[in-house]
Every structure is written in structure tokens, then in C-alpha cells.
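Okay, thanks for coming, everyone. I'd like to walk you through a structure that is new to most of you, so let's put it up on the screen.

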Amino acid sequence: MYMKAGLPMEVVQEFDTWRRVRDADGSEGWINQSLLSGRRTAIIAPWQRGKGAQINLLKSPDKDARVVAIVEPGVMGTIKSCDGQWCEMTLDGHTGWLAQAAVWGAYPGERVKD
């Protein structure tokens with residue numbers, strides 16, 4: 001049971017008004033399409049939760065850019081855009097860039113426009 005709005009879900013199958021979805025932990029189930037939103041959200045490096053990792057949210061899409069915020073794995077945010085390598089995201093009021101490989105909610109190489 002999902003109790004938090006905006007959790008990113010991957011739609012893996014469709015049947016009539018039902019969607020089979022997968023979450024960041026790999027759990028799957030069916031949900032009515034009316035309960036899903038087209039707004040793109042993501043979870044930051046959920047595979048790193050509990051390992052003491054921290055991820056830098058950057059001012060621009062460049063590994064040497066200034067750090068805007070430091071986020072812990074498992075934080076959820078909204079995707080503004082992705083160019084296939086970098087995603088611009090808003091996380092708890094901070095907007096910046098993350099390597100797309102650290103984002104669960106955008107496929108590797110996928111381009112996303114808000």
C-alpha cells in the first residue's frame with residue numbers, strides 16, 4: 001500500500017484502465033490509471049540507502065560545478081528535465097543537477113522535458 005503521493009512508478013504493462021507498476025524497490029502490482037500522475041518524479045540512488053553515501057546536487061550539469069545541496073540516497077524529488085546524461089531536479093526546495101545514473105525515475109540515456 002502506497003501512502004505518499006508522487007512516488008515514482010515505472011509502468012510495465014497496461015490493460016484497459018489498469019497499469020502494472022514497479023517501484024524503486026522492485027515491488028510490482030496493478031493500479032488504476034486514475035491514481036497515477038504524468039508528473040515525473042524520481043528517487044535519488046535508492047540502491048545506496050543505508051550505506052552512508054551522499055550525493056551532490058550541482059548548480060549546472062558539470063561534475064566540477066558548485067554544490068547547491070548534499071542529498072542522501074532515497075530522497076524523492078521532481079524531474080524538470082534530463083538530457084540523457086544529467087537531470088535537473090527539484091529536491092526539497094533546492095533545484096540543481098544530478099548525474100542521470102544516480103536517478104531512479106529516468107531511464108539511462110532518456111531525454112525528459114517537463
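Before I count anything, one definition: here, a disulfide is a pair of cysteine sulfur atoms within 2.5 Å. Going by that cut-off, we get 1 disulfide. Oh, and please keep in mind throughout that what you're looking at is a predicted model.

So which cysteines does the disulfide join? The partners are C82 and C87, with 2.0 Å from S to S. As a reminder, a disulfide is a covalent bond between the sulfur atoms of two cysteines. If you look along the S-S bond of C82 and C87, the torsion is about 105°, and so this disulfide is right-handed. And are these cysteines buried or exposed? C82 has a relative accessible area of 6%, so we call it buried. C87 is buried as well, with a value of 0%.

Let's stay with C87 for a second and bring in S81, because S81 counts as buried at 13% relative accessibility, where the cut-off is under 20%. You'll find S81 in strand β7, which covers residues 76–83. If we skip the neighbours within four places in sequence, S81 touches W86, C87, E88, W97 and V112. So there's one of our disulfide cysteines, C87, on the contact list of S81.

Now zoom out. How many helices and strands does the protein have? It's 0 helices and 11 strands. Reading from the N terminus, it goes β-β-β-β-β-β-β-β-β-β-β. The radius of gyration is 14 Å, close to the 13 Å that the globule rule gives for 114 residues, so the protein is as compact as a globular protein of that length. Along the principal axes, the C-alpha trace spans about 45 × 30 × 25 Å. Of the 114 residues, 32% count as buried. And here's one for the contact fans: take the contacts between residues at least 6 apart in sequence, and 48% of them join residues at least 24 apart.

Next, the pockets. The largest pocket has a volume of about 790 Å³. Its lining comes to 30 residues, and the ones that lie nearest the centre are L7, P8, M9, E10 and T41. What sort of residues make up that lining, by class? There are 17 nonpolar, 8 polar and 5 charged residues. Among the strands, β1 (10–15) and β10 (103–104) each supply at least two residues to the lining.

A couple of backbone spots are worth a click, too. D16 has a phi near 55°, which is a positive value in a residue other than glycine. D16 sits in the loop between β1 and β2 (18–22), and it is exposed, with a relative accessible area of 63%. Then there's A45, also not a glycine, with a positive phi near 35°. A45 is in a loop as well, the one between β4 (41–44) and β5 (55–58). Unlike D16, which is exposed, A45 is buried, at 3%.

Last stop is V67, in strand β6 (residues 67–71). V67 is partly exposed, with a relative accessible area of 36%. Leaving out neighbours within four places in sequence, V67 is in contact with N56, L57 and L58. V67 and M3 are 64 residues apart along the chain, and 32 Å separates their C-alpha atoms.

That's my tour. Over to you.

Notes
Residues are numbered from 1 along each chain as its sequence is written. This is a predicted model: local features need pLDDT of at least 70, side-chain atom pairs count only at pLDDT 80 or more; totals for chains, interfaces and linings use all residues. Side-chain values use heavy atoms; hydrogens and water are left out. Helices (H or I, at least four residues) and strands (E, at least two) are DSSP runs, numbered from the N terminus. Buried means under 20% relative accessible area, exposed over 50%, partly exposed in between (1.4 Å probe, protein chains only). Contact means heavy atoms within 4.5 Å. On a 1 Å grid over the protein atoms alone, a cavity is a set of points where a 1.4 Å probe fits but cannot get out, and a pocket is an open set with protein on both sides within 12 Å along at least five of seven lines; lining residues have an atom within 4 Å of a point. Grid points are joined across faces, edges and corners, and a volume is the space filled by probe spheres set on the points. Ala, Val, Leu, Ile, Met, Phe, Trp, Tyr, Cys and Pro count as nonpolar, Asp, Glu, Lys and Arg as charged, and the others, Gly among them, as polar. The radius of gyration is taken over C-alpha atoms; the globule rule is 2.2 Å times the number of residues to the power 0.38.
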